[in-house]
Amino acid sequence: MVFSNIILAWYGTNKRALPWRNTLDPYRIWLSEIMLQQTRVAQGTPYYHKFISAFPKVEDLANADEEVVLKLWQGLGYYSRARNLHATAKIVVEKYGGNFPNTYKELLTLKGVGDYTASAIASICFNEAVPVVDGNVYRVLSRYYGMDLPINSPEGIKEFKKLAIKVMAPKNIRDYNQGIMEFGALQCTPQKPDCQTCPLNISCIAYNNDSISSLPVKLKKTKVKHRYFNYLVVVDANNQTLVQQRTGNGIWRQLYEFPLLESDQEVALPEVSKSAPELLGVQEDAEVYLYNDKNIVHKLSHQHLHTKFWIVSTTTILENGVPLSTLPEYPVPVLIADFINTFKI
DNA sequence: AAGCCGGGGTT
DNA sequence: AACCCAGGCTT
């Protein structure tokens, strides 16, 4: 039996009933694919429902305020996906009359749509014979065909794409693409794959070489950078505080946070008491105290944020202050959302 | 070609 | 603590 036929057969009996599997609507498929980039199905699914409910059609998403989109995206991470999602919705409405492009090549021009996502939409919605090569596919192909090229090297990317084209099922690419990904997610898992019940084990090179655990090969590891965040949570006599929007190219662009004092190392109370009032534009006699006794270490994939929240209580009435009660309306990073949820004066 | 961009689940 | 997740963009 051929590889692709086994994948198709396996998919037929093992596929999950996922919310985006009952439609071929490009809007819904696109939305699900963007949300699932580097994101597990279980984590993305609630967001898919929220978005479909808030924005049933691409026009609804295009017409929404960016801040509303970011707020709905809050907690899902990689927030550039939300900004690109919104931009692409506008393009689809304005340039394509509300209809998504129907070819891999044209889909590739959309913001936030790369090789994988263009292939996924083209194959699932339009049955175009282009293979998806995501993390699941790298794993399945590297093991079954014994490919030990690093999956994140330029040669590896090229060779795995060639192999993926060679072994795909062009006549039923829609099910094959979803099938090989589902197979990677459920059967050929990163750790402890279920090789005993695997329909491909007899001809799987890695299984027969006992090299399952060493495939796929991936280069380098991300070095974690340590940063020290001091958030200044000012509270004035009217229960107002200050928030600001992050700019630049770093983390959490366009999300909101409290005024931030970043330092190379830990900062102590006297230093904060001295600099906070002027930085916030409040009176010198403001009362400053540390809210969290121990550092909150917020872990991103490439940064550890050692965070202290400082409460700055002042009699000054903030001119640009916002009521504390409105904080839940702002799109914020999880680090800030967690604080807001527990903060009681 | 390499680095950056989140948050959460598994082991 | 390390690894990975239905990757893409920037430099």
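How many salt bridges are counted between domain 1 and domain 2? The count is zero. This answer comes from a predicted model, and it offers a convenient point from which to study how the protein is divided and how its parts meet each other and the DNA.

The domain assignment splits chain A into domain 1, residues 3-214, and domain 2, residues 225-342. Taken over C-alpha atoms, the centres of these domains are 38 Å apart. The domains nevertheless touch: nine residues of domain 1 are in contact with 13 residues of domain 2. About 900 Å² of area is buried between domain 1 and domain 2, and carbon and sulfur atoms give 51% of that area. Although salt bridges between the two domains number zero, six residue pairs are in polar contact across the boundary. On the side of domain 1 that touches domain 2, helix α5 (residues 66-73) contributes the largest share, namely four residues. By class, this side of domain 1 consists of three nonpolar, two polar and four charged residues.

Two features of the backbone deserve attention. The peptide bond that joins Leu215 and Pro216 is cis, with omega at about 0°. Pro216 is placed in the loop between α12 (205-209) and β1 (225-235). The other feature concerns Tyr78, a residue in the loop between α5 and α6 (80-96). Its phi is near 45°, which is a positive value in a residue other than glycine.

Tyr78 also leads to the DNA, for it is among the closest residues to DNA strand B. In total, 22 residues surround this strand, and the closest are Tyr78, Pro154, Trp252, His298 and His302. Of the atoms of DNA strand B that come within 4 Å of the protein, sugar and phosphate account for 58%. Individual atom pairs show how particular side chains are placed. A polar side-chain atom of His298 is 2.7 Å from a phosphate oxygen of DNA strand B, and an N or O atom in the side chain of Gln303 is 3.0 Å from a phosphate oxygen of that strand. Arg40, by contrast, places a polar side-chain atom 3.2 Å from a base nitrogen of DNA strand B. The surface near this strand divides into nine nonpolar, eleven polar and two charged residues.

Which residues come nearest to DNA strand C? They are Leu36, Gly112, Gly114, Thr117 and Arg139, out of the 26 residues around the strand. Sugar and phosphate make up 63% of the atoms of DNA strand C that come within 4 Å of the protein. Here the protein backbone takes part in the atom pairs. A backbone N or O atom of Gly114 lies 2.9 Å from a phosphate oxygen of DNA strand C, and a backbone N or O atom of Asp115 lies 3.4 Å from a phosphate oxygen of the strand. For Thr117 the side chain is involved: one of its N or O atoms is 2.6 Å from a phosphate oxygen of DNA strand C.

The helices α8 (115-126) and α9 (135-144) each supply at least two residues of the surface near DNA strand C. By class, that surface has eight nonpolar, nine polar and nine charged residues. For the surface near DNA strand B, the charged residues number two.

Terms used. Residues are numbered from 1 along each chain as its sequence is written. Chains are lettered from A and ligands numbered from 1 in the order in which they are written. This is a predicted model: local features need pLDDT of at least 70, side-chain atom pairs count only at pLDDT 80 or more; totals for chains, interfaces and linings use all residues. Side-chain values use heavy atoms; hydrogens and water are left out. A residue is near a molecule or strand if one of its heavy atoms lies within 4 Å of it. A polar contact is a pair of N or O atoms within 3.5 Å; within protein, one must be able to donate a hydrogen and the other to accept it, and residues adjacent in sequence count only if both atoms are side-chain atoms. Ala, Val, Leu, Ile, Met, Phe, Trp, Tyr, Cys and Pro count as nonpolar, Asp, Glu, Lys and Arg as charged, and the others, Gly among them, as polar. Domain bounds come from an automatic or database domain assignment. Contact means heavy atoms within 4.5 Å. Buried area is the accessible area (1.4 Å probe) that two parts lose on being put together, summed over both. A salt bridge is a side-chain nitrogen of Lys or Arg within 4 Å of a carboxyl oxygen of Asp or Glu.
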